[in-house]
Amino acid sequence: MWRFILRRLMWMIPTLVIISIISFIIIQLPPGDYLASYIARLESRGSNVDQATIDSLRMRYGLDDPLIVQYFKWLGNILLHGNFGYSFEWRLPVSQLILERLPMTFMVATASLLFAWSVALPIGIFSAVKQYSLADYFFTVLGFLGLGIPNFMLALVFLYVSNRYFGLSVGGLFSPAYLNAPWGIHKILDLLSHLWIPVIIIGTAGTAGLIRITRANVLDELRKPYVETARSKGLHPMLLILKYPVRIALNPFISSIGFILPGMISGEVIVSIVLNLPTTGPLLYSALLSQDTYLAGAFVLMLAVLTVIGVLISDILLAWLDPRIRLS
Amino acid sequence: MTIEKAASTSTASTGQPEESPLRLMWYKFRAHRLAVWSLWIIVGLYLMAIFANFLAPFDPETRTGLPYSPPSWPTVMADDGFNWPPVVYGVTSTLDMKTFKRVYTVDTTRQYPVKLFVAGDQQSWFGLFASDRHLIGVESGGAFFLMGTDALGRDVFSRVIYGSRISLSIGLVGVSISLVLGVILGGISGYFGGAIDLVVQRLIEIIQCFPSIPLWMALAAALPHDWTTVQVYFGITVILSLVGWTDLARVVRGRFLSLREEDFVMAARLAGASEARIIGKHLLPSFASHIIASVTLSIPSMILAETSLSFLGIGLTPPALSWGVLLQTAQNVNTLAISPWLLLPGGMVIITVLAFNFLGDGLRDAADPFAKERLS
């Protein structure tokens with residue numbers, strides 16, 4: 001098992017390197033460098049930027065170095081000092097901004113994943129056992145609708161319905177009263193009362209896919225002879241299904257974290273922008289619009305790293321469940 | 001093995017003589033009712049995009065002077081009785097001086113019959129010739145807004161029809177680019193195997209674990225601001241394809257892996273066929289059907305991605321028209337509260353995405369006509 005984890009960790013290194021290169025490219029992509037747009041912005045506000053300041057800033061960010069050197073400087077600062085650069089828009093270190101927002105993103109994405117699981121598993125099993133029943137068709141249609149409706153549309157409909165019919169303002173993760181309050185039981189309750197909306201919206205798309213997977217897997221297992229044997233032995237049908245086919249069908253379920261988690265994080269970003277949640281989404285969005293490139297690059301980097309770690313965890317879980325994987 | 005296959009098919013089909021694989025696929029596809037319906041819907045949607053200037057009652061940029069007018073449908077029950085042709089009423093807008101909201105009142109005395117081939121805005125047909133005829137419409141002054149109007153008083157229904165041109169074509173163009181990349185890289189990976197395979201597979205894994213929307217957002221936001229609509233259109237398509245090719249490459253690789261051990265490949269090789277000939281002449285045709293199915297299934301995600309990016313304002317921007325651009329106007333809660341019909345373009349997105357999903361499902365089942373009924 002440890003050997004498997006070690007091997008898997010080794011594989012992560014090239015992945016992380018490529019992710020860092022892509023993030024760095026994103027920082028470099030916009031025409032001109034960020035300093036130019038920063039200075040242009042300062043000048044448009046009427047403040048005078050003297051050449052000495054510009055030169056010292058250029059020095060500080062090593063803008064005159066070749067790209068390769070810039071990349072290693074950027075990476076070195078992150079790895080050795082936890083320094084992701086400086087956000088020109090917020091006038092704060094990027095690491096501070098990220099630390100504020102990233103845990104929220106992780107929490108919302110995880111909650112959505114748990115929601116998707118807890119909904120998809122029973123429905124998937126039920127649809128398989130009662131194949132071609134009315135309920136099966138109902139959930140199939142619901143599942144396809146979940147796949148077809150863009151996340152942000154669902155968020156907009158939620159906004160509209162709650163505004164129009166309940167007079168509520170959905171959005172955000174906290175009530176204004178708790179926004180700056182210290183963490184406590186009341187704040188957590190307040191958070192939960194807001195959290196369910198984004199969780200349902202983000203979770204729906206993943207749920208639809210998971211129901212299909214679970215249903216197909218359980219169906220495959222149900223046709224196998226051992227089920228017949230167990231049935232003829234007189235095992236209680238409920239116990240039989242939960243004890244054997246479901247257990248085997250769970251395997252692909254866990255491996256699917258690998259491709260569902262990136263989707264959840266993607267969905268979280270776009271839904272957060274619509275619902276204005278205090279997660280990475282809106283900040284990444286504004287950073288991209290204002291070409292606050294260090295902040296944007298760091299966000300893309302951290303979101304990707306988060307996903308890689310999530311996939312790693314799912315792989316380890318899978319290997320722990322299924323000895324065939326860790327021994328191959 | 002070939003004999004077995006042939007024998008099983010001739011018995012499986014109802015005693016008929018040998019059928020060509022294409023016919024068998026067609027039979028199998030036709031059995032999937034939802035897929036056949038979806039095919040017709042998709043054909044209809046693309047026809048709508050082609051004949052937009054004839055089908056749309058208005059030019060998409062025409063300002064009718066009636067901003068945020070709610071949808072108004074023609075009725076056959078005017079004047080307390082059945083009436084033909086159906087009519088729409090005129091509307092007058094007044095400003096409520098208390099709330100400063102625009103209030104529309106229907107004026108039943110002004111009736112405009114809905115006519116076919118009515119004269120309206122002058123439209124150019126792909127720059128070839130111009131015509132002012134529209135399939136249906138009313139004479140100017142009537143509020144014939146099937147999906148209401150937007151902030152500038154432009155007819156949302158007409159804009160949806162015109163928007164389909166970009167929204168529907170971006171999926172096809174994007175998938176074509178993905179397909180080229182996917183077939184080349186997946187083919188190389190599957191056919192040659194070894195170290196190349198390993199590198200390509202790792203690359204695919206890395207790309208797939210990137211959360212796509214943040215990546216797309218970052219790349220799309222980096223497109224130069226002075227690009228023309230056409231340049232942005234292709235820029236966005238390329239960005240979407242950068243991620244989209246991975247799934248297709250996986251399918252192609254899987255097929256190559258299973259097919260390269262087949263006897264007919266060995267036979268071709270022994271007969272002295274070149275690698276290029278084996279791939280082009282023998283391998284590609286034998287899994288073309290699977291590729292078509294996978295391609296169909298990857299179109300909806302392209303359409304959704306373009307819609308999301310344009311919705312956020314970092315994809316296509318006005319004056320370009322796509323469903324995502326239209327939805328951008330619905331981003332604000334307050335706007336949405338007074339004019340919920342601005343969400344209707346989203347309905348088109350959902351219909352299109354679902355239709356492509358069902359069609360792809362049907363094609364996937366039909367792609368392998370010899371396979372037994374799928375369990376799921």
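A polar contact is a pair of N or O atoms within 3.5 Å; within protein, one must be able to donate a hydrogen and the other to accept it, and residues adjacent in sequence count only if both atoms are side-chain atoms. The structure is a predicted model, in which local features need pLDDT of at least 70 and side-chain atom pairs count only at pLDDT 80 or more, whereas totals for chains, interfaces and linings use all residues. Residues are numbered from 1 along each chain as its sequence is written, and chains are lettered from A.

**First stop: chain A against chain B**

Select the residues in contact (heavy atoms within 4.5 Å): 47 belong to chain A and 40 to chain B. Three residue pairs, both at pLDDT 80 or more, are in polar contact between the chains. On chain A, the elements giving two or more residues to this side include α1 (2–28), α8 (185–222) and α14 (293–321); the helices are DSSP runs of H or I, at least four residues. Next, select α7(A), which supplies the largest share, eight residues. The two chains bury about 3800 Å² between them, 82% of it on carbon and sulfur atoms; this is accessible area (1.4 Å probe) lost on putting the parts together, summed over both.

**Second stop: within chain B**

Now select domain 1 (64–153) and domain 2 (160–367) of chain B, whose bounds come from an automatic or database domain assignment. Their C-alpha centres lie 39 Å apart. The contact takes 11 residues from domain 1 and nine from domain 2 of chain B. Between these domains, one residue pair is in polar contact, both at pLDDT 80 or more.

Technical notes: Heavy atoms only, no water.
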